[in-house]
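Please open the structure in your viewer and keep the selection tool at hand. The tour moves from one selection to the next.

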Amino acid sequence: MDFASIETRARAAVAAGQQVVLVLGLGFVGTAVAGNLARAERNGKRLYFVIGLDRNDEAGRAKVARLDQGSSPTYANDPSLERVIHEACTAAKNLVGSNDPRSIGLASIVVSCINLDVQREAGQVDRLVVPTEGYAAAMRMVGEHMRPGTLVTVESTLPIGLCDRVLYPALCEGQRKQGVDVAAQPPKLAYCYERVMPGPDYLDSVNNYWRAYAGIDAGSADAARDFLSQYVNTEKFPLWRHKSTRAAEMAKLLENSYRATNIAFIEEWAKLAEGAGVDLFDIVKSVRMRKGTHDNMMLPGLGVGGYCLTKDALLARYGAEKLLGLDVSMPFSRSAILTNESMPMRAVRWVEEHFQGALAGRKVALVGVTYRPGVNDTRSTPSEIVGRALAAKGCKVSAYDPLVTHWDECPEIAVSQDATPVVRGADAVIICLPDPLYRPFLADLLKAELRGGAIVVDPWNMIVDACAADFARGDIALKVYGRGDFAVAPAR
Ligand SMILES: NC(=O)c1ccc[n+]([C@@H]2O[C@H](COP(=O)([O-])OP(=O)(O)OC[C@H]3O[C@@H](n4cnc5c(N)ncnc54)[C@H](O)[C@@H]3O)[C@@H](O)[C@H]2O)c1
């Protein structure tokens, strides 16, 4: 929406008792946050007029255009998202999109949900490029446009020390450009990391969930607490106040590093189980019976994907070294990232071994492209590692995913929403994701469409029980991460 119209509507909203909140970044996080804020109400009245601001580039304008048409800028298989956004844009009229940074000046609260990527070459975790200057530039932009007294909360995942060492100074610099005396009127900056989970509980994972916050000073922390208390279900999920922004930054990184490490840990046991001729899935289920201490043990799988778990364990050391000058090595967290990244390559090696290295021209089908069932986010997926590696060895790779029409990160691999032509006559099938959308029919489809001599890699133990006997009869090899308890057809 153009700035003049947004300004008129924002002023009318303020006159009607609403606060104006600007959400910076309309990606996976920002969309859920904007939708959530737009639906927040008290006594039947909407609390906020929400402006979603994204970059003024092609992708940013497309997101804003979608929002202004009453549609979600990102997909989630949470049906409430489309409904909430549509209702807010068309009926309640308290949600608009913008590519104009002047919109920042209309808000009393700015919520930053922009990305901070980690760039590195695969296979190493020591040389990272983390464009913190880009994040600082965004904060300077906010400072240049915001009114003094505006609360700025950051929800992005950050290296330890970024808020106090980089973002707060950048915000002050922006304010000074406007002529604001920041000693007399210091900006309010809080860190309120996000735990939103794309999937069926997308919207609820923002406000019906445990939230934490910290401020650059006590006043900022209090303001963040008051803001979160307005729209988070704090009766059921009381807020956690961290002692500093660094503590909050560390909490988010610890949380994701812990999960990445748990996933990596099971990989060596999967290999052991394969060698020892036992079923690790069955073993883990038995261990999980010990509720309270062992019930979140991970099962084997193809690998870890998505934007967060593939990078966050590296941000702790990066921030400690680059921002705080500490000498830390964080070996568990770093090796978790490397282990998780190497996991998908086992599937590639199995296919290669099966065909004794003769891969040129083989038809390979990837079943599932995204990193998690029910989402269409294709960033940093294990299927990308598998697909690229097999394509580089001369295979003809195609993919099936009911939620993906185009694979942005891997445009050379065609994606179909119809599984049959993808798996029909394939030499190798790799089940990259255990998605309930295809679980009901995949085993039968593979049994019907594969020929003798093919290989199926099922890292998730999804189709084994339904297929193992038929595959053995049909001379189709089946390999499963963590399962050494059944025989597979001989290599070609
Ligand atoms: N995806 C998740 O499930 C998840 C969960 C919790 C936390 N996080 C963290 O939240 C942050 C955002 O993640 P995401 O998945 O939403 O990223 P994303 O890439 O989907 O979205 C980021 C959005 O910000 C916009 N943007 C970037 N710079 C901008 C600027 N200067 N001005 C305006 N808009 C700008 C981009 O155009 C994009 O639309 C990351 O730090 C991530 O680690 C993500």
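The stops below are the ligand, a helix pair and one phenylalanine.

This is a predicted model, in which local features need pLDDT of at least 70 and side-chain atom pairs count only at pLDDT 80 or more, while totals for chains, interfaces and linings use all residues. Residues are numbered from 1 along each chain as its sequence is written, and side-chain values use heavy atoms, with hydrogens and water left out.

**The ligand**

Select the ligand and the 24 residues around it, where a residue counts as near if one of its heavy atoms lies within 4 Å. Val 29, Asp 54, Lys 63, Lys 311 and Arg 379 come nearest. The shell comprises twelve nonpolar, five polar and seven charged residues. In this classification Ala, Val, Leu, Ile, Met, Phe, Trp, Tyr, Cys and Pro are nonpolar, Asp, Glu, Lys and Arg are charged, and the others, Gly among them, are polar.

Next, display the polar contacts (pairs of N or O atoms within 3.5 Å). A polar side-chain atom of Arg 379 is 2.8 Å from an oxygen atom of the ligand, and a polar backbone atom of Phe 28 is 3.1 Å from a ligand oxygen atom. At Arg 55, a polar side-chain atom lies 3.2 Å from a nitrogen atom of the ligand.

**Helices H6 and H9**

Select residues 162–177 (H6) and 245–276 (H9), whose axes come within 8 Å and cross at roughly 115 degrees. Helices are DSSP runs (H or I, at least four residues). Leu 162, Cys 163, Asp 164 and Arg 165 of H6 meet Thr 245, Arg 246 and Glu 249 of H9, contact meaning heavy atoms within 4.5 Å.

**Phe 486**

Finally, select Phe 486, which touches Val 464, Leu 478 and Val 480, residues up to four places away in sequence not being counted.

Terms used:
Axes are lines fitted to C-alpha atoms, for helices over the stretch in contact, and angles run from 0 to 180 degrees between N-to-C directions. Helices (H or I, at least four residues) and strands (E, at least two) are DSSP runs, numbered from the N terminus. A polar contact is a pair of N or O atoms within 3.5 Å; within protein, one must be able to donate a hydrogen and the other to accept it, and residues adjacent in sequence count only if both atoms are side-chain atoms.
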